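Here is a note to read beside the model, set out as numbered points. Please keep the sequence and the 3D view open while going through it.

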Amino acid sequence: MKKIITIFCLLIGAAQMHAQPSAVKNVAKSVFTLTTFKADGSILASSHGVFIDNNGTAMSDWASFDGAATAVVVDANGKRMEVESIDGASEIYDVVKFRVNGKTTGATVATTANAVGSPLYLVSYSTKKPEIRESTISKVEHFMEKYAYYIFDMEIPENTLSCAVVNASGQLLGILQSSKYSTDLHCTSANYVADMQSESLTGSDPIFRRTNIPITLPADKDQAVIALMLAGQTGDSLKYVKTIDHFIGKFPDLLDGYSARAHVKRNQGDFAAATSDMETAIKKVTAKDEAHFAYAQLIYQKEIYQANMPYAEWSIDKALDETRQAYAINPQPIYRHLEAQILFTKKEYQQAHDLFIDLTHSEIRNPELFYEAAQCKTMMEAPVEERIVLLDSALNLFAKPYSTEAAPYFIARAGLLEQKGEYRRAVADYNQYDTLMVGRLNAEFFYMREQCEVKARQFQQALNDIETACRIDPKETLYWAEKASLLLRVNRKEEALTAANQCVTLDPLYSEGHLLQGLALVQTGKKKEGIAAMEKAKSLGNEQAQSLIDKYK
């Protein structure tokens, strides 16, 4: 692996205080102070930087941003501006390109490398007369073929790191940097920083997870939407909100920003703010149908998942109205799908069922529609055969070999087949679910399949499953009780007693455990102890205990 060579701007020679070119002096208007802050408001770092255009684009050192929650700059006129976003950064070269919200005076960036021996100047920050120091380039290294790294030497005053380093024409070569490993001074090519571009995936890079300042959104709308989506997946709510605000400011005619912020506000319980965002979206965005649909989804989800937080302006009927408005503007099947789901929530099962079935003949025909129609049938207490037919239709839409997406439909049909009494077909569906979900099954599944296998008289398979359930969740008394009961049923008495004893040990107040312990003791020839265990079950309220006590006495 090639060693990465940094690009330095080295000023060699003693500082000379003779007259400097006017172009150099003008760069002082572009130098600023930078202050970054932690999340608690305390100062993280103080540094400098240089504006590189007139629209708020700037460069400074990355180290000052590492761990920052917010940042501000103060320009040469004393004007304070907040850092809005980061275009790019390099930890290796310790540089960052960022944007502030305001008009600025930018320095001209040198686009070609300057030669060894050329003069260069350090321009310090000042709101009055700037101090300018001169030296010469002692060494030039190159990286990425077209960028220069300048190395130089000079005596520098305190608090000048990250100030501007320029050539005799006043072109910005970089910012003043000091080496961690020598006494050299250097600067990484300002052209390298100027060329940094924000990408849709930039925000997922590890370096940017170390700052709460959002990444600059790409100019391309589609890429910006991807960046917004990725920002929501980082788990950093503060940065996500900043990114949303940035998105809305940059793309006020796109729905995505308003919808994202409305979801944040809804999750925070600020339904009025969410309403404001969605009403603004309906007014501003071009695709009005999409805005109405997004609003309907927002309200519907609130009514489902935050029903304990009433908000007078929102209701399930409001959600229904919004999705119907969306459909009236642009008759998309997805809008009717939400309408059917809302009707189901309103317990209007027949209407919902009919809509789901209608949609199975549309371009969005998919297994979920048949499953939802089956749910409607369940709520209407339709014959189980009708529900099985719908799940058959759902599964017929999957290609073989089945993917994990088919798993929910298999387990749903298994339950219906078991309910109908077709136990072996049900077990086959449970087995298919097992195959698709291998490695992700819990104890409850194995217990559920065991129950069906017992009904199908597949006792060995049932024993295997109940043993698996006990192994996965060894503290669940229900599974040990079921194991003891099944072992007694297949006449494996000693093993049944062991399972029953474990059940009693786990929960001495579980009456079923004592009852099974009593049965196992009686069947292993320990009648007296067995009846005593049954008496204990009776004292704990077990209703079967007395009849068994009478039988064995």
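1. A strand, as the word is used in this note, is a DSSP run of E with at least two residues, and strands are numbered from the N terminus. With that in mind, please note that this is a predicted model, and that in the hairpin of β7 and β8, where four residues lie between the strands, Asp94 takes a positive phi near 55°.

2. The hairpin belongs to a wider arrangement, in which six strands close into a barrel in the order β3-β4-β5-β8-β7-β6, with antiparallel pairing. Neighbouring strands of this sheet are turned by 40° against each other on average, with direction ignored. As general background, the strands of a sheet pair through backbone hydrogen bonds, and the pairing may be either parallel or antiparallel.

3. It helps to follow the barrel from one pair of strands to another, beginning with β5 and β8. Strand β5, which covers residues 57-60, runs antiparallel to strand β8, residues 95-100, and four bridges join the two. Within this stretch of the barrel, Ala58 stands opposite Phe98 in β8.

4. On its other side in the barrel order, β8 is followed by β7, and these two antiparallel strands are joined by six bridges. To find the pairing in the 3D view, look for Ala89, whose bridge partner in β8 is Val96.

5. How much of strand β7 is buried? Strand β7, residues 80-90, is mostly covered, since eight of its eleven residues are buried.

6. Strand β7 also pairs with β6, residues 70-74, in the antiparallel sense and over three bridges. The bridge partner of Val74 in β7 is Arg80. These two strands form a hairpin with five residues between them, and Gly78 in the turn has a positive phi of about 85°.

7. Two further positive phi values deserve a check, and they belong to residues in the loop between β11 and β12. Met144, which lies in that loop after β11 (139-143), has a positive phi of about 50° although it is not a glycine. Glu145, found in the loop between β11 and β12 as well, has a phi near 70°, again a positive value in a residue other than glycine.

8. Are these two loop residues, Met144 and Glu145, buried or exposed? Met144 counts as exposed because its relative accessible area is 55%, and Glu145 is exposed because its relative accessible area is 81%; the cut-off for calling a residue exposed is over 50%.

9. A loop residue may also be covered, as Ser124 shows. Ser124 lies in the loop between β9 (119-123) and β10 (132-137), and it counts as buried because its relative accessibility is 8%, whereas buried is defined as under 20%. Leaving aside residues up to four places away in sequence, Ser124 touches Val31, Pro130, Glu131, Thr160 and Cys163.

10. Another point to look at in the backbone is the peptide bond from Lys400 to Pro401, which is cis, with omega near 0°. Pro401 is found in the loop between α12 (384-396) and α13 (407-420).

11. Turning to empty space inside the model, a search of the whole structure finds two cavities of 30 Å³ or more. The second largest cavity has a volume of about 70 Å³, and of the 13 residues that line it, Ala110, Thr112, Ala113, Tyr150 and Ser189 are the closest to its centre. At least two residues of this lining come from each of β12 (147-152), β14 (172-175) and α2 (190-194), and β12 gives the most, with three residues. By class, the lining of the second largest cavity divides into eight nonpolar, four polar and one charged.

12. Which residues lie nearest the centre of the second largest pocket? This pocket has a volume of about 310 Å³ and is lined by 17 residues, of which Val225, Leu228, Leu255, Asp256 and Ser259 lie nearest its centre. The elements that give two or more residues to the lining are α3 (221-231) and α5 (255-267), and the largest share, seven residues, comes from α5. The lining of the second largest pocket has ten nonpolar, four polar and three charged residues.

Key:
Residues are numbered from 1 along each chain as its sequence is written. This is a predicted model: local features need pLDDT of at least 70, side-chain atom pairs count only at pLDDT 80 or more; totals for chains, interfaces and linings use all residues. Side-chain values use heavy atoms; hydrogens and water are left out. Two strands pair if DSSP finds at least two bridges between them. Axes are lines fitted to C-alpha atoms, for helices over the stretch in contact, and angles run from 0 to 180 degrees between N-to-C directions. On a 1 Å grid over the protein atoms alone, a cavity is a set of points where a 1.4 Å probe fits but cannot get out, and a pocket is an open set with protein on both sides within 12 Å along at least five of seven lines; lining residues have an atom within 4 Å of a point. Grid points are joined across faces, edges and corners, and a volume is the space filled by probe spheres set on the points. Ala, Val, Leu, Ile, Met, Phe, Trp, Tyr, Cys and Pro count as nonpolar, Asp, Glu, Lys and Arg as charged, and the others, Gly among them, as polar. Buried means under 20% relative accessible area, exposed over 50%, partly exposed in between (1.4 Å probe, protein chains only). Contact means heavy atoms within 4.5 Å.
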